[in-house]
Every structure is written in structure tokens, then in C-alpha cells.
Amino acid sequence: MNIAVIGTGYVGLVAGTCFAESGNNVICMDNDKNKIDNLKNGIIPIYEPGLEPLIIRNVKNKNLHFSTDIKKTIKNSEIIFIAVGTPPDEDGSADLSYVLEVANSIGKYMEKPKIVVDKSTVPVGTAALVKKTIQKQTDIPVQVVSNPEFLKEGAAVDDFMYPDRVVIGTSDPEVGETMKKLYEPFVRTGNPIHIMDEISAEMTKYAANALLATKISFINEMARLCELVGADIESIRLGIGSDKRIGYSFIFPGVGYGGSCFPKDVKAIIKTAQKNNFPMRILESVEQVNEEQKKHLIPKIKNHFKNLKGKTVAIWGLSFKPKTDDMREAPSRVMIKELNKLGVKIQAHDPVAMEEAKRLQLDKKITLCDDNYKALKGADCLVIVTEWLEYRKPDFDKIKKLLKHPVIFDGRNIYNPKNMKELGFEYYCIGRPKK
Ligand code: NAD
């Protein structure tokens, strides 16, 4: 099939590449010329494990093309995916301006009937709105499908190639069949393709992210209570996770969720509910708990040092989670802002997000170090914000030698408090008693 993916970000680039890999002819289009020029020159704009060789192979096989020309892209494709950003508006609802701008162009340039697929995460009613926007420009019929994406950054290629499920929202059985054919190569192990109406598909995405965010805020709130009563959240995590009804995923305590999805999607669904005069009390609390959790280590650092002015803190981990360079809504950014306010100097390291940190101009506020041990030199303590694998078994003797004081604030509970005490560290973490 001839496919267009408009918006070549984390979702669009992965989806386009994987569709090319499964034998389709794909154009990935973006209005960011720099991004497209880089892709044409084999420079991949994001860090995503396994993506680069797939892009290179499919470009070489002439299955995958990059373009900034929306007119040609629309003309040459039967199925057009919209995968542009839907960031939060000032009031928290999803900003649909990018989606509708693309819809407008589709209406303007299409010369034959098309299937248009909303791949971006969009609120209920957007498929209808996209259709209306297109049909304002043309009488040529268009079918608009909602096909939310569930990939995780850091495992995006695997998630797209082997999805737990595919959700397709369409009221047209023929369109449903075409979409099914497109996805069949990815569900050969028998995972389901759920076909449902457009609105339910749109809601499915928000419901999934809202539930996952709820699990995270739930365990973080439990961890805070553990700190007050002296219980150990890690024992509790193991104790509840082995219950199959609960499971181990998304119950790791930490300094809160971030990224481009959970924060904005929780906000957006709260807003949808408010617009329907229905306050979503659970999700409002989920968001509030998360905002507080991002700052949870700050009073611990303050209490330890009493006066923080002139102190230097080393931070390990800037991306919102391991295996990605994405720093959107990352807890590290809140931590840096709060510590800066307290007059603290920061030396930070991240295995892959250093370029992103520079793009965000963080290098004007903090010192970025290309080696995690360099970040420790002369610092008063270490704060772990992202649980990168390479931070899990560090050289503790080296850490002790480089830090002015052997103090670690671990926002991801990656070390054992008892071991840390034996190694001579003052070790603070989330929801665990000091041993
Ligand atoms: P992104 O910011 O990485 O990419 C969006 C791309 O769209 C950018 O490259 C931008 O230049 C481009 N763009 C914007 N307006 C355009 C236009 N008019 N024409 C052409 N290109 C345009 O965003 P993302 O993380 O890939 O997310 C895209 C959507 O997918 C969002 O709705 C998001 O919520 C959803 N989603 C994201 C993830 C994730 O993990 N990142 C997972 C599932 C769903």
C-alpha cells in the first residue's frame, strides 16, 4: 500500500519505518526541514533502540522516503496517517491546531478518495472534526479512522512490531478490513485487532494512559505513607505485584512520571470530563500526587544539608525515563528548577539526553558532564533521577572518592539501603526506611 505519515517524530518515524519494513511504500513527511534533511542524510533525529538500521535498510530498498512536500505526499498515498503533536493547551486540553492544519491540507490537496488515520492521541470527537475539516475543502469522500498508538519510547520499534493489541476506530466495515490488512503482519502471534467506533478508540488511548499513570501515583502515594509509618515500599511492591490481578508493571515508586504522554493525556481527559460537567476526581488526584512527587526529594536534600546555598549537586539522569533522549515533562527539569531556586550548582550527566538538554538550553543553568563520574567531582551529593542501566552497578569507591560527602538521594530506588549503609553512604530513597 502507498502510505503517508505526516509528522515524523517519535510516533510517526517509528510507525512509518515499521510500515515500510512490512512491505509498504511509505513517505514520512514533516514540516521541519532540518529534520527531513537530516533523515535524508541518514541522521536519525531521535534516540530509539533498533530504529536506525531499520530506517537505513528501508531507505536503501526504496520503501521509505522523506519529504517536506505535503501536496505530493497526499497525492501519492492511499492511506494518510496524522502523527503530529497534540501538546497541552494553556487550559490542559489537547491542542489540535497541528492536527487540523494537516486535515486542512489533506482537504486542499487530495484528488481521490482517501483513508485518513488519526494516529496522534486526540480527544473524543476528533475523527469527526478532522472529517468535517477535510470536507470543508473538498467533496471527494474521505474516511477518517482513529488508530491510537500505544508504543513506549525506549522500546518503540518492538512495541510497534509486536503490539499487545491494535485498536482501530471506524464505523465503515470496508475501511476496517483495509486497516486490518495493514496491521496483520504485526499480529502474527495472535494478538488482537480490536475494531470499534471512532469515539471509543479515541477514549481507549486516554483510558490506557490514565490507568497507567494512576498506578504510578498510587504507588508513590503509598511510598509517602511508608516513610511516615516506617514500612518498606519495596517489600510492599513485591507483595502486591505477585498478585496476578495487580502485576508488577507500573508500580515502581520514584520521583513521578513525565514524558510527552502521561502528563498531557491525564490533563486532557480531565479537561474532556470538565467540559461534560463531570469532575474526574481520581485523575485530578493522580495529577496532583505526581506534581508533588517530582519535588519529593527536595525537602530531604534541604533537611540533610540545612543550608544549601553554594552547594553543588550531581544529577544522574535527565531523560524522563531510560532508553530515550526525550526530556518533555521530565522530573529532572523540575528538580533542576527547584535546586536552582535554592542557589545550588548542578553538574549533570545522561547517557543519551545531553544534546536534548543543550537544545533546551539547560547548559546555561547547569554543567553538563560527558561522563557520569565527572559529574561527581567536587559535588556535595549525588541525586539519581533516571534509572539508566549503567547507573545500577556503579563503582561506589569511586563515587565516594569524588563526592565531597558520601550522600546519595536516589529518586528511583535502584540501590539497597542496607548495602549502602555498609558501604558508608548516607542513603535516601523513596518510601524505604534507613537501615
Ligand atoms: P513529536 O513532537 O516527536 O513529533 C511530532 C512531529 O510532527 C514533529 O516532528 C513536528 O515537526 C511535526 N509536525 C507538526 N506540525 C506539522 C505539520 N503541520 N505538518 C507536518 N509535520 C508537522 O511527537 P510524538 O511524540 O511523535 O507524538 C505524536 C502524537 O502521538 C501525539 O499526539 C502523542 O500524544 C502521540 N503518542 C506519542 C507517544 C510517544 O511515546 N511519544 C506514544 C503514543 C502516542
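1. Where is the place of Lys435 in this structure? The model under discussion is a predicted one, and in it Lys435 sits in the segment after β14, the strand that covers residues 426-428. Lys435 is partly exposed, having a relative accessible area of 45%. As for its relation to a distant part of the chain, 216 residues separate Lys435 from Ile219 in sequence, and their C-alpha atoms are 21 Å apart.

2. On the ligand, the shell around it consists of 28 residues, of which Asp30, Lys35, Thr86, Glu153 and Lys264 come nearest. By class, these residues divide into 10 nonpolar, 9 polar and 9 charged. The elements that contribute two or more residues to the shell are α1 (10-21) and α5 (97-109), and the largest share, 3 residues, is that of α5.

3. At the level of single atoms, a polar side-chain atom of Lys35 lies 2.6 Å from an oxygen atom of the ligand. The side chain of Thr86 likewise places an N or O atom 2.6 Å from a ligand oxygen atom, while for the side chain of Arg328 the corresponding distance from an N or O atom to an oxygen atom of the ligand is 3.0 Å. The ligand would expose 830 Å² if taken alone, and the protein buries 90% of that area.

4. Why can the ligand be said to lie between two domains? Domain 1, with bounds 2-196, and domain 2, with bounds 205-292, both give residues to the shell around the ligand, and therefore the ligand lies between them.

5. Two of the residues already named in connection with the ligand also belong to a charged network: Glu153, which is one of the shell residues that come nearest, and Arg328, whose side chain has an N or O atom 3.0 Å from a ligand oxygen, are linked together with Asp326 by salt bridges. A reader who models this site may wish to view these residues together with the ligand.

6. Turning to salt bridges in general, side chains of opposite charge can pair when their charged atoms come close. The count for this model comes to 21 salt bridges. One of them joins the side chains of Glu149 and Lys119, with an N to O distance of 2.9 Å. Glu149 belongs to the loop between β6 (142-146) and α7 (156-161), and Lys119 to the loop between β5 (114-118) and α6 (126-135), so this pair ties together parts that lie 30 residues apart in sequence. Both Glu149 and Lys119 are buried.

7. A further salt bridge is formed by Lys300 and Glu227, whose closest N and O atoms are 2.7 Å apart. This pair links distant parts of the chain, since Lys300 is in helix α13 (residues 297-305) and Glu227 in helix α9 (residues 198-229), with their positions 73 residues apart in sequence. Is each partner buried or partly exposed? Lys300 is buried, at a relative accessible area of 15%, whereas Glu227 is partly exposed, at 30%.

8. Lys294 and Glu329 also form a salt bridge, and here the closest N and O atoms are 3.8 Å apart, a distance to be read against the criterion of within 4 Å that is applied to such pairs. Lys294 lies in helix α12 (residues 281-294) and Glu329 in the loop between β9 (312-316) and α14 (331-341), so the pair connects parts that are 35 residues apart in sequence. Lys294 counts as buried, with a relative accessibility of 2%, while Glu329 is partly exposed, with a relative accessible area of 33%.

9. On backbone geometry, two residues other than glycine have a positive phi. For Lys62 the value is near 65°; this residue is in the loop between α3 and β3 (64-67), and at 61% relative accessibility Lys62 counts as exposed. For Phe250 phi is about 60°; Phe250 is in the loop between α10 (233-241) and α11 (262-275), and at 27% relative accessibility Phe250 counts as partly exposed.

10. Finally, Pro53 has its place in helix α3, which comprises residues 51-60. Pro53 is exposed, with a relative accessible area of 54%, and the value may be set beside the cut-off of over 50% that defines this class. Pro53 and Asn25 are 28 residues apart in sequence, and the distance between their C-alpha atoms is 17 Å.

Note on methods: Residues numbered from 1 in each chain as written. Predicted model: local features only at pLDDT ≥ 70, side-chain atom pairs only at ≥ 80, totals over all residues. Heavy atoms only, no water. Helix = DSSP H or I, 4+ residues; strand = E, 2+ residues; numbered from the N terminus. Buried < 20%, exposed > 50% of the residue type's maximum accessible area, 1.4 Å probe, protein only. Near = heavy atom within 4 Å. Polar contact = N/O pair within 3.5 Å; in protein donor to acceptor, adjacent residues only side chain to side chain. Areas by Shrake-Rupley, 256 points an atom, 1.4 Å probe, with all protein chains shown as cover. Nonpolar A, V, L, I, M, F, W, Y, C, P; charged D, E, K, R; others polar. Domains from an automatic or database assignment.
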